[in-house]
Amino acid sequence: AMLTLQLQELSGDRQLKVHFSPQPLPQIDPNAQPTPAELAAERHQSSLRNFDVNRVERLRGNVGYLELYGFEPPEFAGAAIAAAMTLISHTRALIIDIRHNRGGSPAMVALLCSYLLPAYPAVHLNDLYWRPDDSTRQWWTVPHLDAPRYLDKPVYVLTSQETFSAAEEFAYNLQALERATVIGEHTAGGAHPGRGYRLNDHFWMFVPVGQSRNPLTQDNWGDTGIVPNVKVPSELTLLTAHLMALNRLLETEPSGPGFCELQRTLLIVERELNARRADLISQLKQPQSGR
């Protein structure tokens, strides 16, 4: 842990890490492709976590909520994401919670972004530059999806200090495209993908060998992290986003059939947010016990 901290301070890269294994590490060619049996085992492990689709819900006021703990590859999680997007397809606003999301597959980032953007023309989302072979892989939205697209409705993305890597890319893509409002905490800044290198029988190292490049900003979030549009503590992000969504719906649908329900729901959520904020302030004011 100390070595990792020193390396990160020297390099300025939060993704450079040294790991220890109490069991001897196998000799694996880093360029070797996984066998069908290894892929099947990996998919099974992913399925036990529901492919990191942790929670899908219709909140009060007909606001959709999708919580993701990771971005599993589309070949694993594509059907679960399609089911989630089908469930929330008739909601009037959507909150995507990646506060506890540590990243994963850039292909899944592109797939989920595709649900929030039009089919045509395709949208250029991100580039990944790989230094070892001086190559660049472009990531674009995909034309075919297995569930309805979520278009012309407000989208809110929740972040925290835990949000990292591909999860940051997801927020950064949508923020740059002005497709979503990012609410929460400043993220760590993991914009450099890489791979693991075996050092000896018990130590291995993750070394960033690539770089994300956004086609709109011509930059990435590595130095700054994701800067939220609305900065609030992680504990208040969901209620804040819910309240913002309800206010937005009241502004855009002032005479709709659900106006009275929206007003009642807004007052309930506002009270909950104020109470949660008061609790948080009270906790911060309490003296910390020492040893």
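This text walks through a predicted model, taking two helix pairs, a pocket and two backbone details in turn.

Begin with helix 3, residues 74–87, and helix 4, residues 106–115. Their axes come within 10 Å and cross at roughly 20 degrees. Angles under 35 degrees count as roughly parallel, and helix 3 and helix 4 are therefore roughly parallel to each other. Their crossing is right-handed. On the side of helix 3, the contact is made by Pro 74, Ala 77, Gly 78, Ile 81, Ala 82 and Met 85. Helix 4 contributes Ala 107, Met 108, Leu 111, Leu 112 and Tyr 115. Sorted by class, the residues of this contact are ten nonpolar and one polar, with no charged residue.

The second pair is found further along the chain. Helix 6 covers residues 237–252 and helix 7 covers residues 259–285; they pack at an angle of about 155 degrees, and their axes are 9 Å apart. Angles over 145 degrees count as roughly antiparallel, and helix 6 and helix 7 are therefore roughly antiparallel to each other. Here the crossing is left-handed. Helix 6 brings eight named positions to the contact, among them Leu 239, Leu 243, Leu 246 and Leu 250. From helix 7 come residues including Phe 259, Leu 262, Leu 266, Val 269 and Leu 273. Charged residues take part as well: Glu 270, Glu 272 and Arg 276 of helix 7 belong to the contact. In total, the contact of helix 6 with helix 7 has ten nonpolar, five polar and three charged residues.

Next comes the empty space. The largest pocket has a volume of about 1400 Å³. It is lined by 44 residues, and the closest to its centre are Gly 104, Ser 105, Pro 106, Trp 130 and Gly 194. Which elements supply at least two residues of the lining? They are strand 1 (17–20), helix 2 (36–48), helix 3, strand 5 (124–130), strand 6 (135–140), helix 5 (166–176), strand 9 (194–198) and strand 10 (203–208). Strand 9 gives the most, with four residues. The classes in the lining are mixed: 21 residues are nonpolar, 14 are polar and nine are charged.

Two details of the backbone remain, and both are in loops. The loop between helix 4 and strand 5 holds Pro 121. A cis peptide bond joins Tyr 120 to Pro 121, with omega at about -10 degrees. The other detail is at Phe 51, in the loop between helix 2 and strand 2 (53–59). Phe 51 is not a glycine, yet its phi is positive, at about 55 degrees.

Key:
Residues numbered from 1 in each chain as written. Predicted model: local features only at pLDDT ≥ 70, side-chain atom pairs only at ≥ 80, totals over all residues. Heavy atoms only, no water. Axes fitted to C-alpha atoms, helices over the stretch in contact; angles between N-to-C directions. Parallel < 35°, antiparallel > 145°, perpendicular 65-115°, else oblique. Left-handed = near helix turned anticlockwise from the far one by under 90°. Contact = heavy atoms within 4.5 Å. Nonpolar A, V, L, I, M, F, W, Y, C, P; charged D, E, K, R; others polar. 1 Å grid on protein atoms, 1.4 Å probe; cavity = no way out; pocket = protein on both sides within 12 Å on 5 of 7 lines; lining within 4 Å. Points joined across faces, edges and corners; volume = space filled by probe spheres on them.
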